[in-house]
Amino acid sequence: MIDRKRGFFDEAQERMTAAEREGFRRRILCDAVRHAYENAPATRRKMDEAGVRPADVHDVADLAKIPLTRKADLKSIQKGELPFGGLAALSPRAMRRIYVSPGPTYDPEGREETHWRWEKAFVAAGFRPGDIVQNTFMYHFSPAGLMFDEALLRIGCTVIPAGVGNTELQAQVMRDLAVTGYVGTPSFLMTILEKGKEMGIAPGNGLGLQVALVAAEMLPESLRRRFEEEFGIQVRQAYGTADVGSLGYECFEGKGMHIPDEILLELIDPATGEPVGPGKIGEVVVTLPSETYPLIRFATGDLSVCTDDPCPCGRTSARLLRIVGRIDQVTKVKGMFVHPEQVGQIEGKVPEVETLQLVITRVGHEDQMTIQAVLGEGTSPTDALRTRIVETAREVTRIRGEVVFVNAADLSGKEKKIVDNRKWE
Ligand SMILES: [Zn+2]
């Protein structure tokens with residue numbers, strides 16, 4: 001039996017003590033800032049405008065002196081100075097590959113031994129040398145396919161560059177080539193497994209899949225359980241972007257995604273721009289020490305929550321508990337930020353409610369929050385229930401709203417958890 005639970009790619013680094021980690025972070029931070037300042041013209045301009053010199057940055061707290069570079073602005077930044085907007089430290093000719101993301105925006109890949117840093121994620125997820133891995137991420141234009149491919153090769157796996165689509169062929173390949181590992185989205189994995197079932201491929205009968213790393217989508221716990229119980233597959237999730245590669249990965253414990261040791265990740269309060277502590281929602285802002293693409297305070301637009309509680313796996317890095325959503329889904333109401341996940345939390349705490357939708361309007365100079373509540377079948381709209389919804393919403397969002405009981409058909413823009421009807425003139 002292969003041990004898919006314990007294992008490290010770089011044990012010394014992954015298990016650094018707090019003091020070692022602090023020293024390591026300080027070193028890679030200073031190197032990254034100096035390298036970017038000296039070689040990436042856009043970063044130098046940004047720092048000069050803010051009056052910050054590399055010598056002013058000694059530890060992570062000093063990073064706050066440098067303004068953010070927003071992923072949402074990448075297209076226009078790049079357009080001003082093609083192809084990389086002055087953010088890359090090397091010329092396009094020095095790159096190994098150049099990818100094209102929707103927009104289009106251009107993503108450089110350098111000639112470093114590992115540019116995207118997914119090796120730790122695979123080992124943590126349970127991949128081992130000798131695994132035959134079906135990689136269903138896209139291989140053309142997008143970096144997704146190749147970034148995982150390269151890491152798998154580096155840890156000693158064999159890769160089938162399957163790419164997206166072709167469900168039936170995917171299922172056949174999984175059987176014919178005795179595939180043991182899968183990389184791709186969780187929904188596509190389920191699609192392949194269900195197609196396989198129709199074709200008579202099942203655990204112990206042509207299905208030898210043991211381990212999967214999924215990304216690019218939410219992995220609901222109910223789906224993870226199905227993979228494990230129905231198909232016997234150990235499924236772990238990871239989080240990353242086309243700009244920076246790996247930003248987090250689950251270990252065997254499966255309770256949050258370890259932040260890679262070799263990047264600096266801040267969570268920033270969208271309201272104040274200040275770093276938030278464990279348990280609080282903030283935007284993921286990355287500083288990437290890289291020879292090729294040394295991004296300094298790159299704001300991804302993703303919202304997350306972290307913990308620095310020790311993980312039983314032995315890795316000492318902090319963990320991102322989950323990706324909460326996108327910053328463009330966040331709505332500011334009465335000076336507080338409200339996001340769709342909070343609406344889900346309220347729903348979870350009031351079981352009589354089937355679904356909730358917040359409608360934000362403006363009366364005079366004040367924001368008003370109306371909570372449209374659709375009740376489960378057979379539940380009566382009582383005053384006690386109304387009070388409980390108001391109180392729960394206040395606990396979660398710190399905003400007092402008014403409850404209106406409605407039918408599901410009355411919700412405007414049904415899939416939306418927050419509807420902003422304010423007019424700004
Ligand atoms: Zn862990």
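The exercises below work through a predicted model, covering its zinc site, cores, helices and loop residues. Local features need pLDDT of at least 70 and side-chain atom pairs count only at pLDDT 80 or more, while totals for chains, interfaces and linings use all residues. Residues are numbered from 1 along each chain as its sequence is written, and side-chain values use heavy atoms, with hydrogens and water left out.

**Exercise 1. Identify the donors of the zinc ion and classify their arrangement.**

Step 1. Donors are N, O and S atoms within 2.8 Å of the metal (3.2 Å for Na, K and Ca); water is not among the atoms, so sites may look incomplete. The zinc ion is coordinated by SG of C251, NE2 of H258, SG of C311 and SG of C313, at 2.1 to 2.3 Å.

Step 2. Along the chain, these donors follow the spacing C-x6-H-x52-C-x1-C.

Step 3. Four donors count as tetrahedral if all angles lie between 85 and 135 degrees; four count as square planar and six as octahedral if opposite donors are over 155 degrees apart and all others between 65 and 115; anything else is irregular. The 4 donor atoms here subtend angles of 104 to 113 degrees, so the arrangement is tetrahedral.

**Exercise 2. Assign C251, C311, C313 and C306 as buried or exposed, and count the disulfides.**

Step 1. Buried means under 20% relative accessible area, exposed over 50%, and partly exposed in between (1.4 Å probe, protein chains only).

Step 2. C251 has 1% relative accessibility and therefore counts as buried. C311, at 9%, is buried, and C313, at 7%, is buried too.

Step 3. A disulfide is a pair of cysteine sulfur atoms within 2.5 Å. The structure holds 0 disulfides. C306 is in none, and its nearest cysteine sulfur, that of C311, is 14 Å away. C306 has a relative accessible area of 14%, so it is buried.

**Exercise 3. Describe the largest nonpolar core and state which helix supplies the largest share of it.**

Step 1. A nonpolar core is a set of buried Ala, Val, Leu, Ile, Met, Phe, Trp, Tyr and Cys residues joined through side-chain atoms within 4.5 Å. In soluble globular proteins, nonpolar side chains tend to be buried together.

Step 2. The largest core has 29 residues, of which W118, F122, F127, F148, L152, V183 and L213 touch the most other members. At least two residues of this core come from each of α5 (119-125), α6 (144-154) and β9 (211-214). Helices (H or I, at least four residues) and strands (E, at least two) are DSSP runs, numbered from the N terminus.

Step 3. The largest share, 6 residues, comes from α6.

Step 4. Contact means heavy atoms within 4.5 Å. Not counting residues up to four places away in sequence, L152 touches F122, F127, V133, C157, V159 and V183.

Step 5. A second, separate core has 24 residues, including L87, M95, V244 and L265.

**Exercise 4. Check the span of helix α8 and find what covers its buried residues.**

Step 1. The expected span of a helix is 1.5 Å times one less than its number of residues. For the 13 residues of α8 (residues 186-198) this gives 18 Å; the end C-alpha atoms are 19 Å apart, which agrees.

Step 2. The buried residues of α8 are P186, F188, L189, M190, I192, L193 and G196. Their cover includes α7 (167-176), β6 (181-184), β8 (206-207), β9 and α9 (221-231).

Step 3. Just after α8, G200 takes a positive phi of about 85 degrees.

**Exercise 5. Locate T292, R297 and R398, and assign each as buried or exposed.**

Step 1. T292 sits in the loop between β14 (282-287) and β15 (298-307). Its relative accessibility is 0%, so T292 is buried. Leaving aside residues up to four places away in sequence, T292 touches residues that include A88, L90, M95, R111 and H115.

Step 2. R297 is found in the loop between β14 and β15. R297 is not a glycine but has a positive phi of about 55 degrees. At a relative accessible area of 4%, R297 is buried.

Step 3. R398 lies in the loop between α11 (383-397) and β21 (402-405). Phi of R398 is near 65 degrees, again a positive value in a residue other than glycine. With a relative accessible area of 64%, R398 is exposed.

**Exercise 6. Find the omega values of the cis peptide bonds from L82 to P83 and from G103 to P104.**

Step 1. The bond from L82 to P83 has omega near 0 degrees, and P83 is in the loop between α4 (74-80) and β2 (97-101).

Step 2. The bond from G103 to P104 has omega near -5 degrees, and P104 is in the loop between β2 and β3 (105-109).
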